[in-house]
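Dear colleague,

Please find below the structure that I am handing over to you. My findings follow directly after it.

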Amino acid sequence: EIKECDWSSDVCSSDLDATTNLFILIIATGLIFQSFEVVGFYFQSEVLAKFVSICKAIQLAFSSIVKIYLVITERELIWFVLVVLFDQVTLAITLFIAYRYQNQPSFYRKFDPATAKILLKDSWPLILSSVVVMIYMRIDQVMIKGMLGVYKVGIYSVAVRLSEVWYFIPVLITTSLFPAILNAKKLGEDTYIRRLQSLYTVMVWMAITIAVPMTLLSNRVVVLLYGEAYREAGQVLMIHVWAGVFVFLGVASGKWFLSENLQILSFWRTFCGMMVNIILNFLLIPGYGIKGAAIATLASQVVACYLFDLFNSRTREMFYVKTRSLFLFTQIHKIKL
């Protein structure tokens with residue numbers, strides 16, 4: 001049961017803040033268990049990705065059963081927040097079991113302080129990038145809440161959820177194909193670049209294939225899934241979904257940055273995208289509302305995942321490769337991974 005309260009009341013506001021902080025604490029606790037995903041990286045390096053898939057399938061099955069039960073029994077919101085933590089714990093347990101199933105020794109026996117020091121030294125830009133990404137991906141909703149109120153955040157969140165639901169696709173494809181692309185480096189730089197070109201072109205094609213129907217059917221999709229009250233989200237969706245074209249490119253090129261040991265540039269491109277997003281939100285939200293926030297997101301992704309590469313000599317070639325990928329009809333017949 002939801003309590004009614006006077007929104008001008010400081011007591012009501014403090015209760016909401018305390019509840020929000022509790023939810024944040026529960027979800028943040030799950031970050032501890034994400035460390036077990038290193039096991040998943042180990043399996044990928046050994047071409048044993050099937051174990052990762054099995055673990056995630058088990059985790060998804062348990063999670064789905066729990067969520068269905070909570071919906072049917074109409075449990076309070078905190079139980080759904082706890083499910084987020086439950087998902088992380090379940091995945092960690094299944095990965096650990098799979099790891100020991102391979103007769104691998106304890107993690108602590110594998111720990112080497114010297115190696116850990118080298119990894120931390122090389123990875124700090126990626127750690128900062130992860131922090132920036134968390135801000136980057138949600139700052140628009142925070143700013144909408146401050147400028148337009150909670151109601152508009154709800155409308156905008158629906159559009160964002162439908163737009164970002166596809167973002168797992170480039171991660172899966174890139175994870176599967178990039179080892180082959182790296183091996184091509186042994187065959188020569190031309191082969192390496194050609195395979196990167198093919199990967200980027202596939203990313204662009206897939207993103208546009210998703211974006212076009214979502215643009216044309218945005219209002220119908222929103223109303224069908226969320227009801228007439230959320231129709232306004234359709235106008236946001238038809239803009240926001242096109243950011244996916246550059247997100248797909250960004251995910252693929254992120255692997256290239258890592259393979260070329262350009263983590264610091266990976267951080268700066270993410271930081272530039274965040275700053276563009278914040279500035280444009282300030283400029284566009286007051287005049288264009290939540291559609292302005294969608295435009296800001298699209299522009300920031302263009303800057304971070306595409307235009308940034310033009311302004312550094314070490315990444316300029318990738319800018320040209322991405323540009324050729326955007327001219328789909330001249331590249332699609334050449335795809336060969």
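Lys-322 has a relative accessible area of 0% in this predicted model, and since buried means under 20%, Lys-322 counts as buried. Its side chain meets that of Asp-309 in a salt bridge, with 2.7 Å from N to O. Lys-322 belongs to helix 15 (316-326), whereas Asp-309 sits in the loop between helix 14 (290-305) and helix 15, so the pair ties together parts that are 13 residues apart in sequence. Asp-309 is likewise buried, at 0% relative accessibility.

Salt bridges

How many salt bridges does the structure hold? There are five, including the one just described between Asp-309 and Lys-322. As general background, side chains of opposite charge can pair when their charged atoms come close.

Another of these pairs joins Arg-138 and Glu-164, at 3.4 Å from N to O. Because Arg-138 is part of helix 6 and Glu-164 is part of helix 7 (residues 150-164), this bridge ties together parts that are 26 residues apart in sequence. The two partners can also be described by their accessibility: Arg-138 is partly exposed at 37%, while Glu-164 is buried at 17%.

A further salt bridge is formed by the side chains of Arg-231 and Glu-228, with an N to O distance of 2.5 Å. Arg-231 is partly exposed, and its relative accessible area is 36%.

Helix 6 and helix 13

Helix 6, which holds Arg-138, also takes part in a helix packing. Two packed helices are described by the angle between their axes and the distance between the axes. For helix 6 (residues 113-148) and helix 13 (residues 263-288), the angle is about 10° and the axes are 8 Å apart. Angles under 35 degrees count as roughly parallel, which means that helix 6 is roughly parallel to helix 13. The residues of this contact comprise 21 nonpolar, seven polar and two charged ones.

The nonpolar surface patch

Which residues make the nonpolar surface patch of about 560 Å²? They are Leu-120, Trp-124, Ile-127, Leu-128, Ile-264 and Trp-268. Helix 6 and helix 13 are the elements that give two or more residues to this patch, and helix 6 gives the most, with four residues. Leu-128 is located in helix 6 and counts as partly exposed, at 36% relative accessibility.

Yours sincerely

Conventions:
Residues numbered from 1 in each chain as written. Predicted model: local features only at pLDDT ≥ 70, side-chain atom pairs only at ≥ 80, totals over all residues. Heavy atoms only, no water. Axes fitted to C-alpha atoms, helices over the stretch in contact; angles between N-to-C directions. Parallel < 35°, antiparallel > 145°, perpendicular 65-115°, else oblique. Nonpolar A, V, L, I, M, F, W, Y, C, P; charged D, E, K, R; others polar. Patch = residues over 30% accessible without salt bridge, like charges linked within 9 Å, V, L, I, M, F, W, Y side chains within 5 Å. Areas by Shrake-Rupley, 256 points an atom, 1.4 Å probe, with all protein chains shown as cover. Salt bridge = Lys/Arg side-chain N within 4 Å of Asp/Glu carboxyl O. Buried < 20%, exposed > 50% of the residue type's maximum accessible area, 1.4 Å probe, protein only.
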